[in-house]
Amino acid sequence: MTQEYTAQSVTTDGEDHRSRSRARDLLDRLRRDPGIWRRGIVLALLALLAALLMILHAQIPNTIGNLGSLNETFLPWLGLVVPLVLVLGLVRRSATALIALLLPAVVWLNLFGGLITDKSGGGGDLTVATHNVNADNPDPEGTAASLAESGADVVALEELKASAVTTYEKALAGTYKYHSVQGTVGLWSKYPMSDTKPVGIRLGWVRAMRSTVTTPQGPVAFYVAHLPSVRVKLHAGFTANQRDKSADALGEAISHEPLEQVILLGDLNGTMNDRSLKAVTAQMRSTQGAAGDGYGFSWPAAFPLARIDQIMVKDVEPTSSWTLPRTDSDHLPIAARVKLR
C-alpha cells in the first residue's frame, strides 16, 4: 500500500511541476516580450467599438442620417469583428487585442446567440408564406409555381406589377380558391376570405391590405404590407423617413384590429432590431425569432444579409419558421407554421 501511495504522489507531483513550469515559461515569455501588451491597441479599440455599437444600439440617434436604424439593420454582422480581431491579434501576438475581444464576443452571444440554434418544433394548424416577387421578375409563372408547391395554406405577394397580376392569378388558381389583389400586394388562400380592404399607410398608392381568413380553427385577420424602400446615400444617410411613417400607420391599423388573432405578412424593409418599426414590433412576435431555424436572412437573395421580409403574429403561437428556395426575385420567400386557438 505504501508503494502504491508513493507512485501516485510522484505522478501528481510531476503533473503539478509541469503545470508550474508551463506557467513560468509563459510568464518568462511575457517578460521577455513586453510589447505583447503595447501591440494591437488599434485592434483592441476596434473590438471595444463593436461592443459599444451593440450594447448602446438603442441610444445611437436617428437625427443624423438615421444612423441608429442603419446600425440596427445589420447589427448581427458586428459579430464578425470577433474572428477578425482574433486572427489579427494572434498574428500580431497582442495580448491586449485578444483580451479585448472577449467583450464583443460576450455581448454578441447575449444578443444573437439564441438565433444560432434551431428552435422549430412540430405541429401547427396553418402554414403561411410571403414573398416580394420583384416587379421586374422575368418568370412570374415559375415563381408562382414554386410558392404553390411550398404547401402554404395562405400566401402573400408584394411588389405585384399590374401587367403580371393575371399571370400570378392563373398560376395560383389551382391551389388557392380565394384571393384578392389590392394595389401592389395580394393574398391567396385555401380558405374563405372576407372583409378584404386596402390599409392606408400614408402613401399615394395601395401597398397594404387586410382580410379575414376563415380557417378551420376560426377567423384570423391577415395583413399584407410592403413598406417603402430605404436607401443608403452619402449625402443623406439612411433615407428611411417615409418607411418609418408608413410603419407607424400600419402599427396603428393593427392596434385597432377587432379580431384577436392577427398575422402580418410582408416586406417591411427593416429588421426586428430596427427601433423605427416599434409601432408594429412592439405588439407582434416574429415567427423567426420565436421558432426559426437560424437567422432567416431574406435579402438580397444572392447573398442574404438581413431579414427585411417578416412573418409576425399576435395571439398566435409560432411552431416553425424558415426560408423557401430562391426564385427569380431579389428576395427569398419565407414561410412559417403556426398554431391557432
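## A predicted chain, from one helix to the cores

T73 sits in helix α4, residues 67–73. Helices here are DSSP runs of H or I with at least four residues, strands are E runs of at least two, and both are numbered from the N terminus. This is a predicted model, where local features need pLDDT of at least 70, side-chain atom pairs count only at pLDDT 80 or more, and totals for chains, interfaces and linings use all residues. Residues are numbered from 1 along each chain as its sequence is written, and side-chain values use heavy atoms, with hydrogens and water left out.

Back to T73: its relative accessibility is 8%, so T73 counts as buried. Buried means under 20% relative accessible area, exposed means over 50%, and partly exposed is in between (1.4 Å probe, protein chains only). A polar atom of the T73 side chain lies 2.8 Å from the backbone oxygen of S69.

**The whole chain**

The protein chain has twelve helices and 14 strands, and buried residues make up 47% of its 341 residues. Take the contacts (heavy atoms within 4.5 Å) with a separation of 6 or more: 68% of them are between residues 24 or more positions apart.

**Cores**

What sits in the largest nonpolar core? It has 21 residues, and L126, V128, L187, F222, I263, L265 and V338 are those with the most contacts inside it. Such a core is a set of buried Ala, Val, Leu, Ile, Met, Phe, Trp, Tyr and Cys residues joined through side-chain atoms within 4.5 Å. Elements giving two or more residues to this core include β1 (126–132), β7 (218–226), β10 (262–267) and β14 (334–339). Beyond its neighbours within four places in sequence, V128 is in contact with, among others, A152, F222, I263, L265 and I311. A second, separate core has 18 residues, including L227, A249, L268 and M284.

Helix α8 (residues 140–148) has P140, T143, A144, L147 and A148 buried. Seen down the axis, the buried residues of α8 fall within an arc of 135°, so they line one face of the helix; the arc is that of the directions from the helix axis to the C-beta atoms. These buried residues pack against β1, β2 and α9 (165–172).

**Strands**

Six strands make an open sheet with mixed pairing, in the order β5-β6-β7-β10-β12-β11. Its edge strands are β5 (193–198) and β11 (285–286), each pairing on one side only. Two strands pair if DSSP finds at least two bridges between them. β11 and β12 pair in the antiparallel sense over two bridges, with S286 opposite M312 in β12.

Elsewhere, five bridges join β3 (residues 178–182) to β4, and the two run antiparallel. Q182 stands opposite V185 in β4. The two strands form a hairpin with two residues between them.

**Backbone oddities**

Most residues other than glycine have a negative phi, and most peptide bonds are trans. Some positive phi values in this model:

| Residue | Phi | Place |
|---|---|---|
| G183 | about 65° | turn of the β3 and β4 hairpin |
| N134 | near 75° | loop between β1 and α8 |
| D195 | near 50° | strand β5 |

At 15% relative accessibility, N134 counts as buried, whereas D195 is partly exposed with a relative accessible area of 46%. There's also a cis peptide bond from W299 to P300, with omega near -15°. P300 is placed in the loop between α12 (287–291) and β12.

Terms used:
A polar contact is a pair of N or O atoms within 3.5 Å; within protein, one must be able to donate a hydrogen and the other to accept it, and residues adjacent in sequence count only if both atoms are side-chain atoms.
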